[in-house]
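Q: Please take a close look at one strand pairing in this structure. I should then like a connected account that leads from there to the other parts.

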Amino acid sequence: MATERFTKDHEWVRLDAGIATVGITDHAQRQLGDVVFVELPEVGRKVVASEAVAVVESVKAASDVFSPIAGEVTHVNGELIGQPALVNEDAEGKAWFFKLKVVDGVALDALMDRAAYEAFVKEGS
Amino acid sequence: MGLAPASDQPLKRTPLSAQHLTLGAKMVPFAGYEMPVHYPLGILKEHLHTRGQAGLFDVSHMGQVCLIGPDHATTAAALERLLPADIANLRPGQQRYSQLLNDAGGIIDDLMVTRPASAADDGRLFLVVNAARKEVDCAHIAARLPAGVQLVPAADRALLAVQGPEAARILAALCPEAPRLAFMQARSAPIGGIECHISRSGYTGEDGFEISVAAEHAEALWQLLLNDDAIQPIGLGARDSLRLEAGLCLYGHDIDETTSPVEAGLAWSMQKRRRSEGGFPGANRIQDELANGPKRKRVGIRPDGRAPAREGTEIRALLGDHLGVVTSGGFGPSVGAPIAMGYVAADRAEVGTPVNLMVRGKALAGAVVPLPFVPHRYIPRS
């Protein structure tokens, strides 16, 4: 059973069998508008929590995507390079950004679950 | 990822504010106003819709000002002391683009100047200036007008723009006089019975009209224009990408008090008599730049890859020396790729010159390209 968590910076992370999949939330893609460019990290890169790891650019602006947790990048979603608009179509599904091999999954406990994230978004709007 | 926080400062609203909210616009602060950045369609589709059919823009935040003098020659001479365009030879119903200049030849603001078509308005000039600059401009102009010429802000007017290949057809149905205007011509005429001042101009590179209307009739006019199936409301986001593709300057970004019109590639807006006679602020610098060339030039730049080079991106030569900075940059929806404008040293401004764009610490390859990125589709005088 995967653990799903959310950051205050509007990333989602799903941890399953030591692999964390990371993307941006549906709320984030709606705020950004039409995504036209995505920059992904290199496979093998070791990242720490809250490190800027990827970039998402909409027609309006560029935003960093921060890693919600420490780990080593094992996969990146190459489909986003040719088809950045996938982020607008399916932000919390097909448009994942990267996968990390995670050593300390407990660190996710500090992040929000879906109910807490939705309350956080509601509060901010 | 970071999303911009909301601002708490009190913002002014245009007479069309309620319309934007009804249409589901996302409102953002811009030049002291709460303005629609996009509607539910989104920036990309709004942009493409404008180029494909027609877009309706609320640009009521812009400053509308009237100069009133005893006759055209007097009012034109007063304004010519502040800018380098030929205003004296403007015919009735003709419009010109120009720039208010400081004593160093830098640009205080860029603006549209229109001589009204009606003989009853002789001695008047209509100015449209940038929202963020209207207080600065009005103070600057008012302090330099001779006795007998007055500046009167038209604060109770809205400004709408209809832009795109369907604009003339849409206006023709409501106002037979409108499609008879050529690019940069203007006249007063009713649109569906609402008295308006219409010019054939805009900020998208497309054919289109800008319509000044009394604030109290703005909503009725807005709704009337939106009745046509081919038109969509368009926000400031697409307005920015449209003008960037058209190679048009945005004040405070591509031009400011440090840039001269010659550096900015706007020498076309200085007519022959003014270039030779001078008599405008900064004439020494500008005449020198016209004769000997400016030190730097505004150019178009295409990054080779997919990554946009935004405003502030450093432009370097391939060997690493600093050439200049991107002043406007983003994704061009009609181009289908990132596009940018910026200033480079004049000897590196030639089309085809390879450059590096420093994006997030990495050098991205690009090249100087001709402006505009998308051909203008204005309707010339026949």
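A: In chain A, β5(A) and strand β8 (residues 71–76) pair in the antiparallel sense over two bridges; strands pair if DSSP finds at least two bridges between them. Within this pairing, A:K46 has A:E72 in β8(A) as its bridge partner. The model is predicted, so local features need pLDDT of at least 70 and side-chain atom pairs count only at pLDDT 80 or more, while totals for chains, interfaces and linings use all residues. Residues are numbered from 1 along each chain as its sequence is written, and chains are lettered from A and ligands numbered from 1 in the order in which they are written. Helices (H or I, at least four residues) and strands (E, at least two) are DSSP runs, numbered from the N terminus.

The pairing belongs to an open sheet of six strands in chain A, with antiparallel pairing and the order β1-β2-β3-β9-β8-β5. Its edge strands are β1 and β5 (46–47) of chain A, each of which pairs on one side only. At the β1 edge, strand β1 (residues 3–6) of chain A is joined to strand β2 (residues 11–16) of chain A by four bridges in the antiparallel sense. There, A:E4 stands opposite A:R14 in β2(A). The two strands form a hairpin with four residues between them, and A:H10 in the turn has a positive phi of about 70°.

Chain A also meets chain B: 21 residues of chain A are in contact with 16 residues of chain B, contact being C-beta atoms, placed from the backbone, within 7 Å. On the chain B side, α2 (43–52), α7 (236–245) and β16 (322–332) each supply at least two residues. That side divides into seven nonpolar, six polar and three charged residues. Here Ala, Val, Leu, Ile, Met, Phe, Trp, Tyr, Cys and Pro count as nonpolar, Asp, Glu, Lys and Arg as charged, and the others, Gly among them, as polar.

Strand β16 of chain B contains B:F331. B:F331 counts as buried because it has 28 C-beta neighbours inside 10 Å; 20 or more other C-beta atoms within 10 Å make a residue buried, 12 or fewer exposed, and values in between partly exposed, with C-beta atoms placed from the backbone. Leaving aside neighbours within four places in sequence, B:F331 is in contact with A:V36, A:V59, B:P308 and B:P338. The C-alpha atoms of B:F331 and B:T50, which are 281 residues apart along the chain, are separated by 16 Å.

The helices α2 and α7 of chain B have a second role in the contacts. Chain B is assigned domain 1 (17–61 + 156–245), domain 2 (63–153) and domain 3 (267–369), with bounds from an automatic or database domain assignment. Seven residues of domain 1 of chain B are in contact with eight residues of domain 3 of chain B. On the domain 1 side, α2 and α7 of chain B each supply at least two residues, and the largest share, four residues, comes from α2(B). This side divides into three nonpolar, two polar and two charged residues. The C-alpha centres of domain 1 and domain 3 of chain B lie 30 Å apart.

Key. Contact = placed C-beta atoms within 7 Å.
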